[in-house]
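Hello,

Here is the structure I promised to pass on to you. Have a look at it first, and then read on for what turned up in it.

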Amino acid sequence: MQRLPDNSDRQAHEIDYRIYGEEMQFVEIELDPDEGVIAESGSFMMMDDGVKMETIFGDGSQKDQGFLGKILGAGKRILTGESLFMIAFYNNLSGKRNVSFASPYPGKIIPIDLSEFGGKFICQKDAFLCAAKGVSVGIEFSKRLGRGLFGGEGFIMQKLEGDGMAFVHAGGTMAEKTLQPGEILRVDTGCIVGFTQTIDYDIEFIGGLKNSIFGGEGLFFAKLQGPGKVYIQSLPFSRLAGRVLASAPRGGGKDKGEGSILGGLGDLLDGDNRF
């Protein structure tokens, strides 16, 4: 188990964790007595006997925010396309208890220590998996029109705030880039997982008539300028879903090859090149 260094000033719970697997990973959180973790609905995998599960409005990061504050917190989650509710897991017994959360599709789980990033990390709307109780999961509005209209994530991204551990998910293989001051990285807009708050994020037109019309990569790049750290995924879920949809059977349950003269034999000769 990996553990955060001791710090009496921390507001979030200090949790131990271990990440298992390669392509389809899950993270196991070890909870000491009275420790808790929050997670998105649908990410739960398994838990030890004695762990209490509770459905909460928003992320429950503020204890005394009142009913109206809870409603506002839940409303923010609607703007990011998430559920009104999150799930909290607590260890109310003596001794250690484990609870595990699984990645939604093939990729990597990235541990983010928010205390190392100035207490804030910005990520795409569906990247968040789980976090220590006390971490706030909010929204980050884009202040630039171009980024909002053409950035793939729209005007709204998620922000994780606090001083605890959070876990986000990247599709496929994850690339971690540390940009120096003024250094620029151009990325497909859908391949961004997240970045530190010091990164300057904008949208840049690809340029060139042939590139724009026939390039097949869209009209815009994401332009990331340092200093800061950036996480990139090789397989955005939208790209994965598009490939699955393209290969789905059409017309009475038959796929593309079944409509040819050779049928299944044609697939053997031609290979599986439906993508």
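**Salt bridges, sheets and cores**

E140 and K120 form a salt bridge, with 3.1 Å between the closest N and O atoms. This pair links distant parts of the chain: E140 sits in strand β12 (residues 136-141) and K120 in strand β10 (residues 120-123), 20 residues apart. Are these two partners buried or exposed? Both E140 and K120 are buried.

Before going further, please keep in mind that this is a predicted model.

The structure holds six salt bridges. Another of them joins D32 to K96, and here the closest N and O atoms are 2.5 Å apart. D32 lies in the loop between β3 (26-31) and β4 (36-39), while K96 lies in the loop between β7 (85-91) and β8 (97-102), so this pair ties together parts that are 64 residues apart in sequence. D32 counts as buried because its relative accessible area is 14%, under the 20% limit. K96, with a relative accessible area of 46%, is partly exposed.

A further salt bridge runs between K159 and E161, whose closest N and O atoms are 3.9 Å apart. Of this pair, E161 is partly exposed, at a relative accessible area of 28%. Some salt bridges share partners, and these join E30, D32 and K96 into one network. As general background, side chains of opposite charge can pair when their charged atoms come close.

Now for the chain as a whole. The secondary structure comes to five helices and 20 strands. The chain has 275 residues, and 42% of them count as buried. Among contacts between residues at least 6 apart in sequence, 75% join residues at least 24 apart. The accessible surface comes to about 14,400 Å², and 55% of that belongs to carbon and sulfur atoms.

Next, the sheets. One open sheet of six strands has the order β6-β7-β4-β11-β14-β9, and its pairing is antiparallel. Which strands stand at its edges? They are β6 (51-57) and β9 (107-113); each has a single partner strand, so one side of each is left without a neighbour in the sheet. On average, and with direction ignored, neighbouring strands of this sheet are turned by 20° against each other. Inside it, strand β11 (residues 128-132) and strand β14 (residues 165-171) run antiparallel and are joined by three bridges. If you want a spot to look at there, F128 stands opposite V168 in β14.

There is also an open sheet of three strands, in the order β16-β19-β18 and again with antiparallel pairing. Its edge strands, β16 (184-188) and β18 (200-205), each pair on one side only. From one strand to the next, the twist averages 30°. β18 pairs with strand β19 (residues 220-225) in the antiparallel sense over six bridges. Within that pairing, D202 has K223 in β19 as its bridge partner.

Y201 is worth finding while you are in this region, as its place is in strand β18. Y201 counts as buried because its relative accessibility is 4%. How far apart are Y201 and K223 in sequence and in space? They are 22 residues apart in sequence, and 5.9 Å apart in space, C-alpha to C-alpha.

What about the nonpolar cores? The largest has 41 residues, and those with the most contacts inside it are V27, I29, F101, L160 and F167. Take F101: leaving aside its neighbours within four places in sequence, F101 is in contact with residues including F26, V27, I29, V37, F44, M45, F89, I109 and L129. Apart from the largest core lies another, of 14 residues, with V187, C191, I192 and I232 among them. In general, nonpolar side chains of soluble globular proteins tend to be buried together.

One last residue for your tour is K125, found in the loop between β10 and β11. K125 is partly exposed, with a relative accessible area of 25%. The C-alpha atoms of K125 and I139 are separated by 8.7 Å, and the two residues are 14 apart along the chain.

Enjoy exploring it!

Best wishes

Methods. Residues are numbered from 1 along each chain as its sequence is written. This is a predicted model: local features need pLDDT of at least 70, side-chain atom pairs count only at pLDDT 80 or more; totals for chains, interfaces and linings use all residues. Side-chain values use heavy atoms; hydrogens and water are left out. A salt bridge is a side-chain nitrogen of Lys or Arg within 4 Å of a carboxyl oxygen of Asp or Glu. Helices (H or I, at least four residues) and strands (E, at least two) are DSSP runs, numbered from the N terminus. Buried means under 20% relative accessible area, exposed over 50%, partly exposed in between (1.4 Å probe, protein chains only). Two strands pair if DSSP finds at least two bridges between them. Axes are lines fitted to C-alpha atoms, for helices over the stretch in contact, and angles run from 0 to 180 degrees between N-to-C directions. Contact means heavy atoms within 4.5 Å. Accessible areas come from the Shrake-Rupley method with a 1.4 Å probe; for residues, only the protein chains shown count as cover. A nonpolar core is a set of buried Ala, Val, Leu, Ile, Met, Phe, Trp, Tyr and Cys residues joined through side-chain atoms within 4.5 Å.
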